[in-house]
Amino acid sequence: MKAFVSLNQKIMWSIIGVIILSLIAILIVSKTIVLKGFAELEEKQIEINIKRTEKSIEAELADLAKLCGDWAPWDGARDFMLGKDPNFVISDLSENTIANLNINFIIFTDKSGKIYCIKEIDLEKEEFIEPYPVMVENILSNNLLLTMTEPEDNKSGFIVLPDRIAMIAAQPISSSAAQKPISGTLIMGRYLDERVLSALSEKTQLDIRLANNNTDNGNNSKSLGLLSSGAVEGYLNIPDLTGDKKFTIKMVMPRSIYNSGLETISYFISAIFLCGSIILTTLMFLIQKIFLGPIDKLTEKYADIDLKCDTDTKLYTDREDEIGRLAKSFNRLIEMLKNKLTEREMTEKSLVLAKKQAEDANQAKGQFLANMSHEIRTPMNAIMGFCQILNDENLTDEQREYVNIIHEGSKHLLQVINDILDFSKIEAGKMDIELSPCSVARLFGTVESMMRPAALEKALKFEIRQKENLPANIITDSARLQQCLINLVNNAIKFTEKGHVYIFVSLEERKNKPFIRFDIEDTGIGIPAEKHKMLFKAFTQVDGSHSRKYGGSGLGLSITRQLAELLGGGVSAKSEEGKGSVFSLVIPAGIDVTKEPVLEKRLNTKQLRDAKNKELEGLKFSGNILVAEDVKTNQMLTTSLLNKLGLEVTIASDGIEAVEKAFANKYDLIFMDIQMPNLDGYEAVTILRKEGVKTPIIAMTAHAMKGDAQKCIDAGCNDYLSKPIDRFLIAEKIKKYLSSEAQILNADADSLPSPVETEPAQLQTEELSKSDCDTNHQESTSEINEIINWERLIERFGDVALIEEILPTYLADSRAHFEKLSEAMKTNDSKEIKFHAHAIKGAGRNLSVQQLTDIAANLEHSCSEGDIEKVTGFFNELKPEFEKVMSFISQPEFLQKVREHSAQMQEAGKL
């Protein structure tokens, strides 16, 4: 019998070899650390060279500024600007003089940009040449150079031109004693050309160049880049005077330190590599001899078994060590495998049969649901359709009652069918969720328009009461969310005979994420405490008597709960028998609410609106008002509203015109739009306040983000009014600054009772689940409310006549802005895109075109963030919505529809 040799003993010598290899690895790591040290030394040296270059450029700029500072406070220059010394140009601005100053151009201009003298010289030939027009245009468009007001003011820096860089120094032209008045601005410039760069290279002993425009070194002011193994580049970003552009100085430096370190350690690495190769060769021979050879033979025999699937074959080896024992273990494993394979074959046959039976059953269920949907909906739609036709016939009262009963019964039966099909869809996992931006205001409008008629029919008070700081948009499946809310509100109305149904909407945080909470509160029959656990179960109702009285499939709350789970939120309930119920739906906002516009507060109850209308009717003011507004629709609307209040109105189409008219005439109050062409509202207000204009100014802007109001106040405004324009809020603002000829409104807008002041009772909630919606069986809103939020529009304007007057202007103005927006999209002009999107948003808010307004607001917001992908997406979304709105409003019969709709709403008690 052969003696047993331990496999551990054989491995021991192999480990010795591994240790030796580990030592080699340590040496390699050491090499890396040393080389890193050399690289760090080289990087520090490069940073020093970049700083030297930066100081040299600053010195060059300071030299130019000093030169400009010597000429600007000069009596001769001032007399020339004042017209007292016309020979100044001939006597003091000769070719030799400018060449000796070592500048490329000199400009004398006033603060409006009018050029009194401009000279550009070819320094090599010392001859005057035609001034570079692009350079002149860039300089004269820079207000920083033209609007300095103190003699000691000065500006210096760089201007990035398409094909060159110019160093600029500017200082106001005053007397030799540097005293006012300022007669203009002196601008001197020197091109950053090869001549200047060569001088800088000579001074710093570095190779200094202008970097290619495509060089990308990020937002860092200084950075490094590897040019080759023998050289490295240093980059210095220098912004121009406006801060909008920048150019890059590149320095090329040799890698002497790094290459020295590399050469030093190369010999050491070579020696280690030679030793390691010898050891590795020896170790591999040993492993092959001791381990790999025997294992290969064992593997070959096992492969024969594997290929032939022969579990009767046995492995054999004559070794008496661990490999021999492994072969014996394999033999035992093969025997066990043989038994398991037999059992597995039998199990698989059973599973295949069970799977086929389940698939057949599921397919039959799906086919049955599809057939039931078609077979039941088709006759039900026919029944409901012919009921409506019969209702239009000349029927007796008894016959009409029978037809109505059939129609209502059909609607109820169709609702039960829809509930069953939705429930089956969810149970089968066929219900899909599509997350997309959802307008909260549009959601409110849809729910309100669909549920208010049912509430009015039962004389119930129905309101949506929102808390402050709700986002204007969320990311969710709006259709599924709408179905959840309709289910809950419909239940509340169904089980409430008197009192109210309120929807309280608030924002809350869960696990550091924002959620939207909807609390549906009613004063209905309530639910006994012992029945709470049955609420969300399928095919169950609270009790038999309620079921018989109110009807229903018992699936509404179950569907709502399962939809809530799909949406990632939850639904819960608190109720007390005889006192009412509160059902709470909570869903994730799906968006960073801090970056979203705040949803406007809804004050839309009929009682509040009637009281405010009555107070506003007899209110008259006296005074002259200046309105700065660039959108024609808004000009017309504001003028009409102010004229109705007895005020005389003057319109300014941009900030420059507003400043001019405010200086030329005396006004009692100024309404200042913030975003306007040529000169925005902030700048206009700053100029007026700086020049001593004390007239009260009210900022009027479509910006409604947090902090916008304070920004307007900081600019010099007395007050702030966000768009859309509202006649009640305008009157409230005016009465703070002007006296009225009639009784002033009895209460400030802020003191009016707000629907959000009443909170729902603090209720103990049951377990939370998640949510979703489907509106296949819900009624659609009216054609007008689909395009325009009619209630908000008539509340804001007050009468149909004003709407008729403004619509043509809105159509023409909006089309003009959309055409310009389309052109700006083609050229990627972000400034123009943002401006025209803002104009469409502002006018749309005033006309209550909510969907169009929301898309335009998203487009403007994305443009401000520089997100090109989102800008393109929102513009593509805006185009069809814009055409839909324009097409609908342009219809000849549209105004007739408006009048009819107004009459219907008056009759229904909604206006």
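Begin the tour of this predicted model at the second largest cavity, where the lining, sorted by class, has 5 nonpolar, 4 polar and 4 charged residues. To find the place, select Val-631, Asp-673, Lys-723, His-838 and Ala-839, which are the closest to the centre of this cavity among the 13 residues that line it. The space enclosed there is about 50 Å³, and the cavity belongs to a set of 3 that reach 30 Å³ or more. Then colour helix α24, residues 830–846, since 5 residues of the lining belong to this helix, which gives the most to the second largest cavity.

Next, select residues 681–690 and 708–715 together, which are helix α18 and helix α19, and look along their axes, which come within 9 Å of each other and cross at roughly 30°. Because angles under 35 degrees are counted in this way, α18 and α19 are described as roughly parallel to each other. With side chains displayed, the meeting place can be read residue by residue: α18 brings Tyr-682, Val-685 and Thr-686, while α19 brings Lys-711, Cys-712 and Ala-715. By class, the residues of this contact divide into 4 nonpolar, 1 polar and 1 charged.

From the helices, move to an open sheet of 5 strands, whose order is β12-β14-β15-β17-β16 and whose pairing is mixed. Its edges are found by selecting β12 (461–466) and β16 (570–576), each of which pairs on one side only. Neighbouring strands in this sheet are turned by 15° against each other on average, with direction ignored. Helix α12, residues 478–494, packs on the sheet and touches β12, β14, β15, β16 and β17 (580–588), and its direction makes about 25° with that of β15.

Staying with this sheet, isolate β14 (residues 500–510) and β15 (residues 513–522), which run antiparallel and are joined by 10 bridges. Leu-507 can be picked out opposite Ile-516 in β15, and Ser-506 has Arg-517 in β15 as its bridge partner. Follow the chain to the turn of this hairpin, where 2 residues lie between β14 and β15 and where Lys-511 has a positive phi of about 55°. Now add β12 to the selection, which pairs with β14 in the parallel sense over 6 bridges; here Phe-462 stands opposite Val-501 in β14.

The last stop is another open sheet, formed by 6 strands in the order β3-β2-β1-β6-β5-β4, with antiparallel pairing. Select β3 (127–129) and β4 (155–160) to mark its edge strands, each pairing on one side only, and then turn the view to follow the twist, which averages 25° from one strand to the next. Helix α5, residues 133–140, packs on this sheet, where it touches β1 (105–109), β2 (115–122), β4, β5 and β6, and its direction makes about 45° with that of β1. To finish, select β5 (residues 165–173) with β6 (residues 184–191), a pair that runs in the antiparallel sense over 8 bridges, and centre the view on Ile-168, which stands opposite Gly-189 in β6.

Key
Residues are numbered from 1 along each chain as its sequence is written. This is a predicted model: local features need pLDDT of at least 70, side-chain atom pairs count only at pLDDT 80 or more; totals for chains, interfaces and linings use all residues. Side-chain values use heavy atoms; hydrogens and water are left out. Two strands pair if DSSP finds at least two bridges between them. Helices (H or I, at least four residues) and strands (E, at least two) are DSSP runs, numbered from the N terminus. Axes are lines fitted to C-alpha atoms, for helices over the stretch in contact, and angles run from 0 to 180 degrees between N-to-C directions. Contact means heavy atoms within 4.5 Å. Angles under 35 degrees count as roughly parallel, over 145 as roughly antiparallel, 65 to 115 as roughly perpendicular and the rest as oblique. Ala, Val, Leu, Ile, Met, Phe, Trp, Tyr, Cys and Pro count as nonpolar, Asp, Glu, Lys and Arg as charged, and the others, Gly among them, as polar. On a 1 Å grid over the protein atoms alone, a cavity is a set of points where a 1.4 Å probe fits but cannot get out, and a pocket is an open set with protein on both sides within 12 Å along at least five of seven lines; lining residues have an atom within 4 Å of a point. Grid points are joined across faces, edges and corners, and a volume is the space filled by probe spheres set on the points.
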